[in-house]
Amino acid sequence: MSIDLSAPPLPISFEVYPPRSEAGVAALHETIRHLAEVAPRFISVTYGAGGSTGGRSLELLSHIQRETRVEPLAHLTCVGNTWAGANALIREFLDAGITSFLALRGDPPVGVAEEDVYLGDLESAAQLVQLIDRVQAERAPYTEALIPGHPGAARVEKRSKVDIAVAAFPNGHPRALHASSDIDALLAKQAAGATLAITQLFFHADDYLGFVQRSRAAGVTIPILPGIMPITSPKRLRRVLELSGEALPAELAIALEVEPTAEGQREVGIAHAAQLARAVVDGGAPGIHLYAFNNHDTVLAVLREAGILAHPSQKEAAR
Ligand code: FAD
């Protein structure tokens, strides 16, 4: 399988993370079953800093592959790996039948500062993209095609069968030195072989639409999927701002703070994410990628409220 964003209905996809305990495994399998029912183009599985969840990440990807018809997409990072180690890791995933990746630089593990050496031999996502591309090309079978007009002469080539997604930052990476460096980084990832970009969360449709416009003007041609995260409590908002370095979305923050119940806060978060999803789709987004936090109810409610799940072609695809 590979990821085709061009065919209708509007592509949707989800991100989950490997459960931190055995107890979480059964619950996540149930979540995946529900997510698979709406026929997402892929479900991506995060990869923890330092490779700490590497094994569990592959287990979960294999579960998606075995139990659903959904394409599993593996996040991989550069953190703490030698070139040979990264090479072996990519082979392990390919051997398990995983052919879609999200190549990331990765963040420092907990307790390690950005200035400390934590990456390993690979220092940027673009280098990891190149390595995945190279490893799979070495393994891909040669195919022969006759050259028209030259009977008997054959062109021998290797066909790429992997999809390589990369991260993009509509409001800039928190450590970017200047505003254009994120688009330069995306261009480098595209040149290295990336076939798709997925954005960091953002809170205003114009952040995404403006970024896509600037990326296109600079020569980025790969699809850029908007990453949308339903923020269902003030606590989650504080946590994601801390991790992503995004600016505080004042209106959403106030709406969450004044809501007295957890259920009311959840509704605020769903309504905000649904509105955002609708606005970026109306603005031309090629699909919607939702950060699911290992829970299906909230992201499916967002898609329903945005009118995306109600579309007849979406129902047809889910059959
Ligand atoms: P790169 O493309 O190599 O760099 C990204 C940007 O960082 C560049 O645009 C550049 O402007 C800037 N930059 C980076 N370093 C510096 C520096 N030292 N000085 C100046 N500018 C700098 N992390 C995980 O560990 N596991 C995951 O599973 C994971 N999943 C993610 C999924 C998505 C969709 C996104 C958006 C992020 C995810 N991350 C994950 C976080 C990601 O690893 C970090 O944001 C990381 O800091 C950058 O990764 P990158 O692949 O974009 O790196």
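Is Gln213 buried, partly exposed or exposed, and how many other C-beta atoms lie within 10 Å of it? Keep that in mind while you read these notes on the predicted model.

1. **Gln213.** Here is the count: 13 other C-beta atoms lie within 10 Å, so Gln213 is partly exposed. You'll find Gln213 in helix α6, which covers residues 205-218. If you want a distance to try out in the viewer, go from Gln213 to Thr195: the C-alpha atoms are 18 Å apart, and the two residues are 18 positions apart in sequence.

2. **The whole protein.** Now zoom out. The secondary structure comes to 11 helices and 11 strands. There are 319 residues in the protein, and 42% of them count as buried. Take the contacts with a separation of 6 or more: 78% of them are between residues 24 or more positions apart.

3. **The nonpolar core.** The largest nonpolar core has 87 residues, and Ala103 and Val166 are the ones with the most contacts inside it. Helix α9, residues 262-282, gives the most to this core, with seven residues. Which residues does Val166 touch, once its neighbours within four places in sequence are left aside? The list runs Leu102, Ala103, Ala125, Val129, Lys189, Ala194 and Ala197. So that you don't skip over it, note that Ala103 is both on that list and one of the two residues with the most contacts in the core.

4. **Around the ligand.** The ligand is surrounded by 23 residues, and the closest are Thr46, Arg105, Ala125, Ala176 and Ala185. Three elements give two or more residues to this shell: β3 (71-77), β4 (100-104) and α5 (181-192). The largest share, three residues, comes from α5. Sort the shell by class and you get 10 nonpolar, nine polar and four charged residues. You may recognise Ala125, which is among the closest to the ligand and is also in contact with Val166.

5. **Helix α1, a helix with two sides.** Start with the length of α1, residues 22-36. At 1.5 Å a residue, its 15 residues should span 21 Å, and the end C-alpha atoms are 22 Å apart, which agrees. Next, which residues of α1 are buried? They are Leu28, Thr31, Ile32 and Leu35. Looking down the helix axis, these buried residues fall within an arc of 100°, so they line one face of α1. The general idea is handy here: an α-helix has 3.6 residues a turn, so residues three or four places apart point the same way. On the face of α1 turned away from the buried side sit the exposed residues Ala23, Ala26, Glu30 and Arg33.

6. **Helix α10, another one to look down.** The buried residues in this case are His296, Val299, Leu300, Val302 and Leu303. Seen along the axis of α10, they fall within an arc of 150°, so they too line one face of the helix. What do they pack against? The partners are β1, α1, α9 and β11. Ala301 is in α10 as well, but Ala301 has 19 other C-beta atoms within 10 Å and is therefore partly exposed; the cut-off for buried is 20 or more. In sequence, Ala301 and Ala273 are 28 residues apart, while in space their C-alpha atoms are 9.7 Å apart. Just after α10 comes Gly307, with a positive phi of about 80°.

7. **Backbone details to look up.** Two residues other than glycine have a positive phi. For Ala39 the value is about 55°, and for Asn294 phi is near 55°. Where do they lie? Ala39 is in the loop between α1 and β2 (42-45), while Asn294 is in the loop between β11 (288-291) and α10 (296-305). Ala39 has 18 C-beta neighbours inside 10 Å, so Ala39 counts as partly exposed. Asn294 is partly exposed too, with 16 other C-beta atoms within 10 Å.

8. **A cis peptide bond.** Don't miss the bond between Pro8 and Pro9: this peptide bond is cis, with omega about 0°. Pro9 is found in the segment before β1 (12-16).

Methods. Residues are numbered from 1 along each chain as its sequence is written. This is a predicted model: local features need pLDDT of at least 70, side-chain atom pairs count only at pLDDT 80 or more; totals for chains, interfaces and linings use all residues. A residue is near a molecule or strand if its C-beta atom, placed from the backbone, lies within 6 Å of it. Helices (H or I, at least four residues) and strands (E, at least two) are DSSP runs, numbered from the N terminus. Ala, Val, Leu, Ile, Met, Phe, Trp, Tyr, Cys and Pro count as nonpolar, Asp, Glu, Lys and Arg as charged, and the others, Gly among them, as polar. A nonpolar core is a set of buried Ala, Val, Leu, Ile, Met, Phe, Trp, Tyr and Cys residues joined through C-beta atoms within 7 Å. A residue is buried if 20 or more other C-beta atoms lie within 10 Å of its own, exposed if 12 or fewer, and partly exposed in between; C-beta atoms are placed from the backbone. Two residues are in contact if their C-beta atoms, placed from the backbone, lie within 7 Å. The expected span of a helix is 1.5 Å times one less than its number of residues. The arc is that of the directions from the helix axis to the C-beta atoms.
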